[in-house]
Amino acid sequence: MRQARLERQTGETTIDLDFTIDGEGVSELETGVPFLTHMLDLFTKHGHFNLTVDAKGDIEVDDHHTTEDIGICLGTALKEALGDKKGIKRYGSAFVPMDETLAQVVVDLSNRPHLEFRAEFPSQKVGTFDTELVHEFLWKLALEARMNLHVIVHYGQNTHHIIEAIFKALARALDEATTIDERVKGVPSTKGML
């Protein structure tokens, strides 16, 4: 089973996270950040992953540390769950429309972390959530998972729709990239390693 569980404790957050690649779309989430919980729930569902998060953070300050540290933990868990990456497709791409919005996410599980983020949000907040934290979360996810992550929002007007489309496209792209392809012998790289 491609699964990883980890705990992270800092002066700002305590996080217990369990992630399974080959799941059933089941999530159990206690983040203290309602909008992030919503995004992680639909990420899990659309990626066919299983995800459990129990996070306690200094949300009385703001949502930054909790959001950032969950991104760190999820990225680390994804990298650990992938193991040696033998047989995976490695690349994944998805377009997701949501009403007036069209988002695209492309990933390469290359062991080379990079985030290319081409998205603008009309609003600085969705509910109490600062929309700038989407970039923070995705950057930490890409860094710790050691993947190329390209996010392109082609158009959109509603900030909630834009962010939701990004998370759904991320889920679908990662689902594709982590899929085992029986045609792949070893790791999908001419270097012989990722």
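This is a selection-by-selection tour of the structure above.

The model is predicted, so local features need pLDDT of at least 70 and side-chain atom pairs count only at pLDDT 80 or more, while totals for chains, interfaces and linings use all residues. Residues are numbered from 1 along each chain as its sequence is written, and side-chain values use heavy atoms, with hydrogens and water left out.

**The sheet**

Select strands S5 (91–98), S6 (101–108), S10 (148–155) and S7 (114–118). Helices (H or I, at least four residues) and strands (E, at least two) are DSSP runs, numbered from the N terminus. The four strands form an open sheet in the order S5-S6-S10-S7, with mixed pairing; two strands pair if DSSP finds at least two bridges between them. S5 and S7 are at the edges with a single partner strand each, so one side of each has no neighbour in the sheet. From one strand to the next the twist averages 10°. Axes are lines fitted to C-alpha atoms, for helices over the stretch in contact, and angles run from 0 to 180 degrees between N-to-C directions.

Next, keep S7 and S10, which pair in the parallel sense over five bridges. Leucine 115 stands opposite leucine 149 in S10, and phenylalanine 117 is opposite valine 151 in S10. Show the side chains of S7: Leu115 and Phe117 point to one face and are buried, whereas His114, Glu116 and Arg118 point to the other and are not. Buried means under 20% relative accessible area, exposed over 50%, and partly exposed in between (1.4 Å probe, protein chains only).

**Helices on the sheet**

Add helix H4 (residues 159–178), which lies across S5, S6 and S10 and runs at about 150° to S5. Then select glutamate 136 and lysine 140, both in helix H3, four residues apart, or about one turn of the helix. Their side chains meet in a salt bridge (2.5 Å, N to O), defined as a side-chain nitrogen of Lys or Arg within 4 Å of a carboxyl oxygen of Asp or Glu. Glutamate 136 is buried at 19% relative accessible area, and lysine 140 is buried at 12%.

**Further salt bridges**

A search of the whole structure finds twelve salt bridges. Select arginine 2 and aspartate 22, whose closest N and O atoms are 2.8 Å apart in one of these bridges. Arginine 2 is in the segment before strand S1 (3–9), and aspartate 22 is in the loop between strand S2 (13–20) and strand S3 (26–30), 20 residues apart. Arginine 2 counts as buried at 14% relative accessibility, and aspartate 22 as partly exposed at 48%.

Move to arginine 8 and aspartate 69, which form a salt bridge (3.6 Å, N to O). Arginine 8 lies in strand S1 and aspartate 69 in helix H2, so the pair ties together parts that are 61 residues apart in sequence. Arginine 8 is partly exposed at 29%; aspartate 69 is buried at 3%.

**A lysine without a partner**

Select lysine 85, in the loop between helix H2 (64–82) and strand S5. Which side chain of opposite charge is nearest to lysine 85? Aspartate 108 is, at 7.6 Å; lysine 85 is buried yet has no salt bridge. In this count Lys and Arg are positive and Asp and Glu negative, with His and the chain ends not counted.

**Last stop**

Finish at threonine 44 in helix H1 (residues 34–47). Threonine 44 counts as buried, at 0% relative accessibility. Leaving aside neighbours within four places in sequence, threonine 44 is in contact (heavy atoms within 4.5 Å) with Gly25, Val26, Ser27, Phe49, Asn50 and Leu51.
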